[in-house]
Amino acid sequence: MITEQTQGLEEAIRTRCSSLGFTRVGIARVEDISQDFSRYRAFIDEGMHGSMTYLAHNQESRRTLDTPAVLDGARSVIVCATDYRPAAPVDAAKRDAVDSGMLGLRGARVAAYARGQDYHNFVRKRLRRLAEFVRNETGCEARPMVDTAPILERAWARLAGVGFVGKNGMIIAPGIGSFFLLGEVVTTAELAPDTALDSRCGACTLCLDACPTGAFPRPFVLDARKCVSFLTIEHEGEIPEELREGIGDRFFGCDECQDVCPFNKSPTPREIAPQFALGARWSKRTVESLLSLDEAEFRRLTLGSPLGRPGRDGLVRNAMIVLGNFGDESHLPALYASIERERDEPLRALARWAIARIESRQRP
Ligand code: B12
Ligand code: SF4
Ligand code: SF4
């Protein structure tokens, strides 16, 4: 039952969230989210998850949070947003300056969320402190999670009123945009829920039209197999040839469907949280120099950074595709050296693809 006392508790939770550095917070009641679950099942049944087989595991825990895989007896979920918005407004006129400067890897782009420290580490710490606070205040169980449990974080974020679902699938918070990450504290405490937000996209289709690899078969549905984010971060092994050109200069992840969204345009320059600024170890590197990474250097370079996720071969693969797309003949010697150096035949074949692409551009 929700009493005056619990109303006070929600306010205390919000205050705690803001002192922990979360930019937005919402509360949802734990229930069966059948509609979202059907969307998720359709996504899996159509094979749109590609090689992310973990997405098909523990399917039932995505229907509700009151399961052994998440938290038995869960009644409420507190959804918290952590901003990683770019330092400058993302209007078209400033894009080139922004992309070739500090925010890229010397000409190659890294998705904004991945430029600094791995968010899992510091967001988890904040969520642990929030869970401790909830336990102390309510005497109930509370479990923090950030990408750590098989749950539909966006569905809960929408129900908790953190934002609405855009046609690009992102949770968009009016007045803030979508450049934030989600994390949750699931609890057996009964808290007063916030109101869910309906989509505010209207007739706009900017994100769908801007996707460089045509990954949206229809609004709100993303075929991950074609998404640059999936291909450059999650997918192991070869990237289909027909998708390589669309990757363009995106070395790691992609922000295109967020960059074009009107909800992400801001009239005023924005501060970037220091945890999300591109570290010097990356901004000083050229893409070409990554071709000769060995395992030891890879581990040093990616320590505490999200960029380690694709592994050494994955980063070399991404670098080769970006260099092929640059079409600059000064990169040819490094690519020829890769053919000699790499033991993996698909990587050698990719170096040959990049060389052929550059050489074909040089011909009159
Ligand atoms: C797998 C995954 C991916 C995959 C697949 C993405 C996808 N769209 O499915 C890939 C690798 C491609 C990916 C890419 C990115 N990801 Co990702 N990803 C995930 C992960 C781990 C699971 C998502 C999932 O289950 N997908 C299956 C689909 C079917 O579910 P869904 O996208 O969550 O959509 C549900 C709801 O939104 C709702 N819904 C969908 N459409 C509609 C329409 C209406 C009208 C309504 C009412 C509801 C509704 O139903 C869906 C099914 O339940 C989540 C973390 C998590 N545990 O949720 C992060 C997560 C979604 N990713 C995130 C981010 C930041 C990104 C990138 C921006 C990273 C980047 N820059 O490269 C891109 C964005 C691409 C995009 N436009 O979605 C954030 C999103 C934050 C936000 N503001 O929305 C999350 C939540 C991680 C986090 N903890 O912050 N990601
Ligand atoms: S992240 Fe990039 S590739 Fe993926 S859906 Fe958005 S625009 Fe398309
Ligand atoms: S670009 Fe337009 S359609 Fe896409 S999420 Fe933003 S408002 Fe919605």
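This is a walk through a predicted model, from its ligands to a few single residues and then to a set of packed helices. Because the model is predicted, local features are kept at pLDDT of at least 70 and side-chain atom pairs at pLDDT 80 or more, while totals for chains, interfaces and linings use all residues. Residues are numbered from 1 along each chain as its sequence is written, and chains are lettered from A and ligands numbered from 1 in the order in which they are written.

Let's begin with ligand 1. It has 38 residues around it, and the closest are Asp36, Ala111, Glu153, Ser229 and Gly253. A residue joins such a shell if its C-beta atom, placed from the backbone, lies within 6 Å of the molecule. Which elements feed this shell? Helix H2 (34-45), helix H5 (153-159), strand S8 (180-187) and helix H7 (228-234) each give at least two residues. These labels come from DSSP runs numbered from the N terminus, with helices (H or I) of at least four residues and strands (E) of at least two. Sorted by class, the shell of ligand 1 holds 24 nonpolar, 6 polar and 8 charged residues. Here Ala, Val, Leu, Ile, Met, Phe, Trp, Tyr, Cys and Pro count as nonpolar, Asp, Glu, Lys and Arg as charged, and the others, Gly among them, as polar.

Now for ligand 2. Around it sit Asn168, Cys211, Pro212, Thr213, Ala215, Leu222, Cys227, Val228, Ser229, Cys254, Glu256 and Cys257. H7 and H9 are the elements that give two or more residues to this shell. Its classes come out as 8 nonpolar, 3 polar and 1 charged. Ser229 links the two sites: it is one of the closest residues to ligand 1 and also belongs to the shell around ligand 2.

Ligand 3 has its own ring of residues: Gly166, Lys167, Asn168, Cys201, Cys204, Thr205, Leu206, Cys207, Val260, Cys261, Pro262 and Phe263. By class, that is 8 nonpolar, 3 polar and 1 charged.

Phe263 deserves a stop of its own. You'll find it in the loop between helix H9 (256-259) and helix H10 (280-283). Is Phe263 buried or exposed? It is buried, because 21 other C-beta atoms lie within 10 Å; the cut-offs are 20 or more for buried, 12 or fewer for exposed and partly exposed in between, with C-beta atoms placed from the backbone. Leaving aside neighbours within four places in sequence, Phe263 is in contact with Ile172, Pro174, Gly177 and Ser178, where contact means C-beta atoms, placed from the backbone, within 7 Å. Alanine 173 is 90 residues away from Phe263 in sequence, yet their C-alpha atoms are 8.2 Å apart.

Next, look at the loop between helix H6 (206-210) and H7, home to arginine 218. Arginine 218 is exposed, because it has 9 C-beta neighbours inside 10 Å. Its C-alpha is 8.5 Å from that of lysine 167, a residue 51 places away in sequence. Phenylalanine 220 lies in the loop between H6 and H7 too, and its phi is positive, at about 75°. Most residues other than glycine have a negative phi. Aspartate 147, in the loop between strand S5 (142-145) and H5, also has a positive phi, near 60°. Aspartate 147 counts as partly exposed because it has 14 C-beta neighbours inside 10 Å.

Finally, the helices. Helix H13 (residues 332-341) and helix H14 (residues 345-362) pack at about 155°, with axes 8 Å apart. The axes are lines fitted to C-alpha atoms, for helices over the stretch in contact, and angles run from 0 to 180 degrees between N-to-C directions. So H13 is roughly antiparallel to H14; angles over 145 degrees earn that name, those under 35 are roughly parallel, 65 to 115 roughly perpendicular and the rest oblique. Among the H13 residues that meet H14 are Leu332 and Leu335. By class, this contact has 8 nonpolar, 1 polar and 2 charged residues.

Helix H12 (residues 311-326) packs on H14 as well, at about 15° and with axes 8 Å apart. That angle is why H12 is roughly parallel to H14. Met320 and Leu323 are among the H12 residues in this contact, and on the H14 side they include Ala351 and Ile358. The contact of H12 with H14 divides into 9 nonpolar, 1 polar and 3 charged residues.

Methods
Two residues are in contact if their C-beta atoms, placed from the backbone, lie within 7 Å.
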